[in-house]
Amino acid sequence: MSEQERQEAGDERDFEDQVRELLAEDAYTIRPSPVPYPAIRRRGMVERRRRVAVAGAVLVTLTAVPVGAYAMTGGGSATQRPQTLTSTTQSVSPTPTVSASPSRAVGPATPGQLVDGVTLEQARDGVEDCLAFEQGAQAARPKDMRSDLGDPADYRILLALKSTGDSNAPGDGFAVVAVREKSTPVRLICTVKDGEVSGVNTSVGEDTDPDAGLVRPDINALKLYSQSVIDKGNWKLPFRWGSVGTVDPSVTKVTATYGDGTGEVVLDHGWFVATGVLNQQVTEAPHIKGYDAGGELVYDSDTDKSYMATLP
């Protein structure tokens with residue numbers, strides 16, 4: 001090999017070495033960029049959500065389209081008729097919640113018929129408890145001696161007041177008077193002490209006495225204005241008392257005096273309701289009088305032979 005050929009071969013090797021070095025230095029430069037998988041994935045998710053949103057919008061639009069906006073052809077495709085549609089919003093009414101609690105007794109005509117701090121809720125509870133108590137007691141009686149007392153919702157509360165305990169029934173509580181006038185009339189007098197029913201009195205049926213006056217005091221109202229005969233002459237004072245009875249529609253005013261005091265009296269849907277506070281020992285029952293619209297006396301308990309004017 002001549003000197004010239006050796007020099008050309010060396011130059012060729014030097015060129016190859018330079019090329020290899022350049023390739024090694026620029027390897028990362030000439031390498032293609034990696035595929036942007038995260039970006040492609042994000043773009044795919046956005047595109048998928050857009051298609052779902054469009055499909056959902058189509059479904060909503062279909063539910064809002066009036067009947068007849070689309071006609072189905074024999075081939076099963078939907079052909080849109082040229083019709084102007086207006087966007088409508090359909091409101092959905094919530095399903096009403098049915099209360100699990102039973103209907104309750106109606107309150108009295110005036111707030112003054114609930115005295116001594118007895119609330120309407122307490123009076124209603126008393127009516128419910130007393131009816132349940134009495135119906136349970138009647139279940140043990142022969143069928144021909146049972147009375148249908150109905151539901152609490154059938155009753156209207158006439159009076160609720162403090163009940164003073166005595167030697168025969170110790171412990172204070174409250175008494176409630178309620179009436180049912182639908183179906184067979186019922187008058188309920190009940191006493192509740194410490195959350196428990198301590199006494200129930202019911203009167204079932206109408207008063208058919210042809211000799212009854214225009215005012216008819218309830219004979220069992222005695223339970224509301226007297227203490228035990230054991231304590232006669234030695235009642236606990238002051239003593240909250242009450243009285244109830246029915247009145248004829250022509251009667252527009254009723255008065256009640258007891259001992260040396262005059263009670264408050266209201267008329268409530270054919271009933272008189274009296275209450276007051278007694279501050280002295282007594283032997284006579286409350287004195288009841290009734291008047292018509294002209295102010296004329298039409299009833300006086302002193303002349304009513306059926307009224308027990310003297311306390312037992």
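Which residue forms a salt bridge with R240, and how far apart are the closest N and O atoms? R240 pairs with D116, and those atoms sit 3.2 Å apart.

This is a predicted model, with residues numbered from 1 along each chain as its sequence is written. Local features need pLDDT of at least 70 and side-chain atom pairs count only at pLDDT 80 or more, while totals for chains, interfaces and linings use all residues, and side-chain values use heavy atoms, leaving out hydrogens and water.

**View 1. The R240–D116 salt bridge spans 124 residues of sequence.**
A salt bridge here is a side-chain nitrogen of Lys or Arg within 4 Å of a carboxyl oxygen of Asp or Glu. R240 belongs to strand 8, whereas D116 sits in the loop between strand 2 and helix 4, so the pair ties together parts that are far apart in the numbering, by 124 residues. Helices (H or I, at least four residues) and strands (E, at least two) are DSSP runs, numbered from the N terminus. R240 counts as buried at 18% relative accessibility, while D116 is partly exposed at 40%. Buried means under 20% relative accessible area, exposed over 50%, and partly exposed in between (1.4 Å probe, protein chains only).

**View 2. D116 and D194 have positive phi angles without being glycines.**
Most residues other than glycine have a negative phi. D116 has a positive phi of about 60 degrees, and D194 has one of about 55 degrees. Look for D116 in the loop between strand 2 (78-80) and helix 4, and for D194 in the loop between strand 5 and strand 6. Is D194 buried or exposed? D194 counts as exposed, with 78% relative accessibility.

**View 3. The peptide bond from L237 to P238 is cis.**
Most peptide bonds are trans. For L237 to P238, omega is near -5 degrees. P238 is in the loop between helix 5 (222-225) and strand 8 (239-247).

**View 4. Helix 4 has its expected span and many buried residues, among them A123 and L131.**
Helix 4 covers residues 120-138, which makes 19 residues that should span 27 Å at 1.5 Å a residue; the end C-alpha atoms are 27 Å apart, which agrees. The expected span is 1.5 Å times one less than the number of residues. Which residues of helix 4 are buried? They are A123, R124, G126, V127, E128, C130, L131, E134 and Q138. Strand 3, strand 4, strand 5 (186-193) and strand 6 are included in what covers the buried residues of helix 4, with contact meaning heavy atoms within 4.5 Å.

**View 5. Salt bridges join R104, E121, R124, D125 and E128 into one network.**
How many salt bridges does the structure hold? The count is nine. One of them joins R124 and E121, with the closest N and O atoms 3.2 Å apart. Both residues lie in helix 4, three residues apart, about one turn of the helix. R124 is buried, whereas E121 is partly exposed, with a relative accessible area of 41%.

**View 6. D218 and R187 form a buried salt bridge pair.**
The closest N and O atoms of D218 and R187 are 2.7 Å apart. This pair links distant parts of the chain: D218 is in the loop between strand 7 (215-217) and helix 5, R187 is in strand 5, and 31 residues separate them. Both D218 and R187 are buried.

**View 7. Four antiparallel strands make an open sheet in the order 3-4-5-6.**
Strand 3 (155-163) and strand 6 (196-204) are the edges, each pairing on one side only. On average, neighbouring strands of this sheet are turned by 15 degrees against each other, direction ignored. Axes are lines fitted to C-alpha atoms, for helices over the stretch in contact, and angles run from 0 to 180 degrees between N-to-C directions. Strand 3 pairs with strand 4 (residues 173-180) over eight bridges, and two strands pair if DSSP finds at least two bridges between them. For a landmark, find L161, which stands opposite A175 in strand 4.

**View 8. Another open sheet of four strands runs in the order 10-9-13-14.**
The pairing is antiparallel here, and the edge strands are strand 10 (261-262) and strand 14 (297-300). Strand 13 (residues 287-292) is joined to strand 14 by three bridges. Which residue of strand 14 is the bridge partner of G290? That partner is Y299.
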